[in-house]
Amino acid sequence: MNEVVIYTDGACKGNPGPGGWGVFLKWGTLEKELFGGELGTTNNRMEMMAVIQGLAALKQPCSVRLFLDSQYVLKGITEWLPGWKARGWKTASKEPVKNVDLWQQLDALVTGKGHKIDWRWVKGHAGDPGNERADMLANRGVDKALGRA
């Protein structure tokens, strides 16, 4: 299995507002940068979109070390998701799960593509080079959404 390192980040200028996502992938000596953005979105959606786009970029099953600075995405995928699915995509308080469209996409990528994912939280804006690069890409995504890139 190929070993891949992925750093993801999302950004939003206003919440909601124009947002961007960024992905920095490394496998061996090769590197790839991905970014994009949307108008009228939220920070949580952009954090999720970064992870979705990073995993979707993998063309075969990989061993992935995935770094993210979003507790929302980390806890959602590692703790909350099984309960949401068991309750028909409802929270413990019987409310509809927010961002269910993206959670379903992420769930399909995590469970259906054969990846072995090691989820790793990293403190944002704390000097981690991979996280800083993903943050820079997410901000480029905001610029793209605003037509400035």
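The following exercises, each with a worked solution, concern the secondary structure, packing and backbone geometry of a predicted model.

**Exercise 1. The sheet**

Determine the order in which the strands of the sheet are arranged, and identify which strands lie at its edges.

Solution. Begin with the order: 5 strands form an open sheet, arranged S3-S2-S1-S4-S5. The pairing in this sheet is mixed. Next, look for strands that pair on one side only; these are strand S3 (30-41) and strand S5 (116-121), the edge strands. Finally, the twist from one strand to the next averages 20°.

**Exercise 2. Pairing of S1, S2 and S3**

State in which sense S2 pairs with S1 and with S3, and describe the turns that link these strands.

Solution. Step one concerns strand S1 (residues 2-12) and S2, which pair in the antiparallel sense over 8 bridges. Within this pair, Gly 10 stands opposite Trp 21 of S2. The hairpin of S1 and S2 has 4 residues between the strands, and Gly 14 there takes a positive phi near 95°.

Step two concerns S2 and S3, which also run antiparallel and are joined by 10 bridges. Trp 27 has Leu 30 of S3 as its bridge partner, while Gly 19 is partnered by Glu 38 in S3. The hairpin formed by S2 and S3 has 2 residues between the strands, and Gly 28 in the turn shows a positive phi of about 60°.

Step three considers burial. Because 9 of the 11 residues of strand S2 (residues 17-27) are buried, S2 is largely enclosed by the rest of the structure.

**Exercise 3. S4, S5 and the helix packed on them**

Establish whether S4 and S5 pair in the parallel or antiparallel sense, and which strands H2 touches.

Solution. Strand S4 (residues 62-68) pairs with S5 in the parallel sense, over 6 bridges. Phe 67 stands opposite Arg 120 in S5. Helix H2 packs on the sheet and touches S4 and S5, its direction making about 140° with that of S5.

**Exercise 4. The packing of H2 and H3**

Describe how H2 and H3 pack together, and classify the residues of their contact.

Solution. Two packed helices are described by the angle between their axes and the distance between the axes. For helix H2 (residues 71-86) and helix H3 (residues 100-112), the angle is about 90° and the axes are 11 Å apart. The two helices are therefore roughly perpendicular to each other. On the H2 side the contact is made by Tyr 72, Val 73, Gly 76, Ile 77, Leu 81, Trp 84 and Lys 85. H3 contributes Trp 103, Leu 106, Asp 107 and Val 110. These residues divide into 8 nonpolar, 1 polar and 2 charged.

Lys 75 also lies in H2; at 33% relative accessibility, this residue counts as partly exposed. The C-alpha atoms of Lys 75 and Asp 143 are separated by 29 Å, the two residues being 68 residues apart along the chain.

**Exercise 5. The length and burial of H1**

Test whether the end-to-end distance of H1 agrees with its number of residues, and list its buried residues.

Solution. Helix H1 (residues 43-56) has 14 residues, so at 1.5 Å a residue it should span 20 Å. Its end C-alpha atoms are 20 Å apart, which agrees. The buried residues of H1 are Met 46, Glu 47, Met 48, Met 49, Ala 50, Val 51, Ile 52, Gly 54 and Leu 55.

**Exercise 6. Backbone exceptions in the loops**

Locate the cis peptide bond, then determine whether Trp 89 is buried or exposed and whether Lys 94 is buried or exposed.

Solution. The general expectation is that most residues other than glycine have a negative phi, and most peptide bonds are trans. Against this background, take the peptide bond first: Asn 15 and Pro 16 are joined by a cis peptide bond with omega about 15°. Pro 16 is placed in the loop between S1 and S2.

Next come the positive phi values. Trp 89, a residue other than glycine, has a positive phi near 65°, and it is found in the loop between H2 and H3. With a relative accessible area of 18%, Trp 89 is buried, since buried means under 20%. Lys 94 is likewise found in the loop between H2 and H3 and has a positive phi near 70°. Its relative accessible area is 63%, so Lys 94 is exposed, the cut-off being over 50%.

Key:
Residues are numbered from 1 along each chain as its sequence is written. This is a predicted model: local features need pLDDT of at least 70, side-chain atom pairs count only at pLDDT 80 or more; totals for chains, interfaces and linings use all residues. Side-chain values use heavy atoms; hydrogens and water are left out. The expected span of a helix is 1.5 Å times one less than its number of residues. Buried means under 20% relative accessible area, exposed over 50%, partly exposed in between (1.4 Å probe, protein chains only). Axes are lines fitted to C-alpha atoms, for helices over the stretch in contact, and angles run from 0 to 180 degrees between N-to-C directions. Angles under 35 degrees count as roughly parallel, over 145 as roughly antiparallel, 65 to 115 as roughly perpendicular and the rest as oblique. Contact means heavy atoms within 4.5 Å. Ala, Val, Leu, Ile, Met, Phe, Trp, Tyr, Cys and Pro count as nonpolar, Asp, Glu, Lys and Arg as charged, and the others, Gly among them, as polar. Two strands pair if DSSP finds at least two bridges between them.
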